[in-house]
Amino acid sequence: MSDLKNLAETLVNLTVKDVNELAAILKDEYGIEPAAAAVVVAGPAGEAAEEKTEFDVILKSAGASKLAIVKLVKDLTGAGLKEAKDIVDGAPAPIKTGVSKDEAEALKKQLEEAGAEVELK
């Protein structure tokens, strides 16, 4: 049982190059078609390669122009002035969570242009 677990772990951690070499060996030496081998080996790895669709925009620091960042956070989030100030003062703090990649990148660009340090997660 432990040998099978080790084999499974090895298969899951194969690189694309290794998978191609394994497919060639299976075809040449054992008559197993490479397409079938690639599907079996690439199954779990395909799940890990799934692209992230939701992002969190995190304000790491307000930078030199804190007042401008507070105003921008207020406009971007729809929060009141006090709430926006609390977000900026509490950095690192989330500005928006669960947004699309395009929206997250647009928010990041606006905040960075105003002088803030921003991270996408």
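Helices and strands are DSSP runs, where a helix (H or I) has at least four residues and a strand (E) at least two, and both are numbered from the N terminus.

**Figure 1. The whole chain of a predicted model, read along its sequence.** With helices and strands defined in this way, the protein follows the pattern α-α-α-β-α-α-β-α-β when it is read along the sequence, and its secondary structure comes to six helices and three strands. Of the 121 residues of the protein, 21% count as buried, while the protein exposes about 8300 Å², of which carbon and sulfur atoms supply 56%. If one looks at contacts between residues at least 6 apart in sequence, 66% of them join residues that are at least 24 apart.

**Figure 2. The confidence of the prediction along the chain.** The mean pLDDT of the protein is 80, and 84% of its residues reach 70 or more. Over residues 36-41, however, pLDDT stays under 50, and for this stretch the model has six contacts beyond four places in sequence.

**Figure 3. The largest nonpolar core, with 18 residues.** In soluble globular proteins, nonpolar side chains tend to be buried together. In this model, the residues with the most contacts inside the largest core are Val57, Ile69, Val73, Val88 and Leu111. The elements that give two or more residues to this core are strand E1 (55-61), helix H4 (66-77), helix H5 (81-89), strand E2 (93-99) and helix H6 (101-113), and the largest share, five residues, comes from H4. Isoleucine 69, if its neighbours within four places in sequence are left aside, is in contact with Leu59, Ala62, Val88, Leu111, Ala114, Gly115 and Ala116, and two residues in that list, Val88 and Leu111, are also among those with the most contacts inside the core.

**Figure 4. The surroundings of alanine 93 in strand E2.** Is alanine 93 buried or exposed? Alanine 93 counts as buried because its relative accessibility is 10%, and the cut-off for buried is under 20%. Not counting residues up to four places away in sequence, alanine 93 touches Val57, Ile58, Leu59 and Ile87. The C-alpha atoms of alanine 93 and valine 118, which are 25 residues apart along the chain, are separated by 9.7 Å.

**Figure 5. A salt bridge between strands E3 and E1.** The structure holds six salt bridges, and in one of them the side chains of glutamate 117 and lysine 60 meet at 3.7 Å, N to O. This pair links distant parts of the chain, with glutamate 117 in strand E3 (residues 117-120) and lysine 60 in strand E1, 57 residues apart. Glutamate 117 is partly exposed, with a relative accessible area of 42%, and lysine 60 also counts as partly exposed, at 36% relative accessibility.

**Figure 6. A network of salt bridges that joins Lys66, Lys85 and Asp89.** The side chains of aspartate 89 and lysine 66 meet in a salt bridge of 2.5 Å, N to O. Aspartate 89 lies in helix H5 and lysine 66 in helix H4, so this pair ties together parts that are 23 residues apart in sequence. The side chain of aspartate 89 meets that of lysine 85 in a salt bridge as well, at 2.7 Å, N to O, and these two residues are separated by about one helical turn because they are four residues apart in helix H5. At 37% relative accessibility aspartate 89 counts as partly exposed, as does lysine 66 at 38%, and lysine 85 is partly exposed with a relative accessible area of 42%. Salt bridges that share partners thus join Lys66, Lys85 and Asp89 into one network.

**Figure 7. A nonpolar patch on the surface of the protein.** Which residues make this patch of about 310 Å²? The patch is made by Ile25, Tyr30 and Ile32. Isoleucine 25 lies in helix H2 (residues 16-30) and is partly exposed, with a relative accessible area of 40%. This value can be set against the cut-off for patch residues, which need over 30% relative accessible area and no salt bridge.

How values were computed. Residues are numbered from 1 along each chain as its sequence is written. Side-chain values use heavy atoms; hydrogens and water are left out. Patches are made of residues with over 30% relative accessible area and no salt bridge: like charges are joined within 9 Å, nonpolar side chains (Val, Leu, Ile, Met, Phe, Trp, Tyr) within 5 Å. Accessible areas come from the Shrake-Rupley method with a 1.4 Å probe; for residues, only the protein chains shown count as cover. A salt bridge is a side-chain nitrogen of Lys or Arg within 4 Å of a carboxyl oxygen of Asp or Glu. Buried means under 20% relative accessible area, exposed over 50%, partly exposed in between (1.4 Å probe, protein chains only). Contact means heavy atoms within 4.5 Å. pLDDT is the predictor's confidence in each residue, from 0 to 100. A nonpolar core is a set of buried Ala, Val, Leu, Ile, Met, Phe, Trp, Tyr and Cys residues joined through side-chain atoms within 4.5 Å.
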